[in-house]
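Visitor: I am new to this structure and would like a close look at a single part of it. Please show me the model before we begin.

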Amino acid sequence: QVQLVESGGGLVQAGGSLRLSCAASGRTFSGYAMGWFRQAPGKEREFVSAISRSGGSAYYEDSVQGRFTISRDNTKNALYLQMNSLKPEDTAVYYCAASSNYASNYAYEYNSWGQGTQVTVSV
């Protein structure tokens, strides 16, 4: 099992940008596909983005397509989510997750989860 710690969340104005990071330790990072999920107050956790082991393939939920970019640096055991043109509806706790299989839209495919980082987008 890989241990994950998110950082980079905070308060930002609508239209602004934020970059989230996820630091991994434990089993070899490059052996995992990675994903970002988010959960707003009173709502279910939803898929945001995922990336393959090598970083060669990336996937996005429709509402963030064109605004968010997922990336990874396997030499640093790090995962990133660059968020641009942020909207109030992006407000949520963001979680990174690791899959020992392949990148997926589904939470049940992921083996390890971080504790989350809060992102708040104000009008």
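Visitor: How many bridges join strand 4 to strand 5, and do they run parallel or antiparallel?

Guide: This is a predicted model, and what follows is computed from its atoms. Strand 4 covers residues 33-39, and 5 bridges join it to strand 5. The two strands run antiparallel. One pair of bridge partners is Gly35 and Ala50, the latter in strand 5. Between strand 4 and strand 5 the hairpin has 6 residues, and Gly42 in this hairpin takes a positive phi near 75 degrees.

Strand 5 itself spans residues 46-51, and 5 of its 6 residues are buried, so the rest of the structure largely encloses it. Strand 5 also pairs with strand 6, residues 58-60, in the antiparallel sense over 3 bridges. There Ile51 stands opposite Ala58 of strand 6. The hairpin of strand 5 and strand 6 has 6 residues between the strands, and in it Gly55 has a positive phi near 90 degrees.

Side chains also connect this region. Glu46 forms a salt bridge with Arg38, with 2.7 Å between the closest N and O atoms. Glu46 is partly exposed, at a relative accessible area of 32%, whereas Arg38 counts as buried at 5% relative accessibility. Arg38 has a salt bridge with Asp90 as well, and here the closest N and O atoms are 2.9 Å apart. Arg38 belongs to strand 4 and Asp90 to the loop between strand 8 and strand 9, so this pair ties together parts that are 52 residues apart in sequence. Asp90 counts as buried, with 1% relative accessibility.

Asp90 has a salt bridge with Arg67 too, the closest N and O atoms being 2.8 Å apart. This pair links distant parts of the chain: Arg67 lies in the loop between strand 6 and strand 7, Asp90 in the loop between strand 8 and strand 9, and they are 23 residues apart. Arg67 counts as buried at 11% relative accessibility. Through shared partners, the salt bridges join Arg38, Glu46, Arg67 and Asp90 into one network. The structure holds 3 salt bridges.

For the surroundings, turn to strand 3. Its covered face consists of Leu18, Leu20, Cys22 and Ala24, and its uncovered face of Arg19, Ser21, Ala23 and Ser25. Strand 3 pairs with strand 1, residues 3-7, in the antiparallel sense over 5 bridges. In that pairing Leu4 stands opposite Ala24 of strand 3. Strand 3 is also joined to strand 8, residues 78-83, by 6 bridges, and these two run antiparallel. The bridge partner of Cys22 in strand 8 is Leu79.

Cys22 takes part in a disulfide with Cys96, and their sulfur atoms are 2.0 Å apart. The pair links distant parts of the chain, with Cys22 in strand 3 and Cys96 in strand 9, 74 residues apart. The torsion about the S-S bond is about 55 degrees, so the disulfide of Cys22 and Cys96 is right-handed. Cys22 counts as buried at 1% relative accessibility, and Cys96 is buried with a relative accessible area of 0%. The count of disulfides comes to 1.

How values were computed
Residues numbered from 1 in each chain as written. Predicted model: local features only at pLDDT ≥ 70, side-chain atom pairs only at ≥ 80, totals over all residues. Heavy atoms only, no water. Disulfide = S-S within 2.5 Å. Helix = DSSP H or I, 4+ residues; strand = E, 2+ residues; numbered from the N terminus. Buried < 20%, exposed > 50% of the residue type's maximum accessible area, 1.4 Å probe, protein only. Pairing = 2+ DSSP bridges. Salt bridge = Lys/Arg side-chain N within 4 Å of Asp/Glu carboxyl O.
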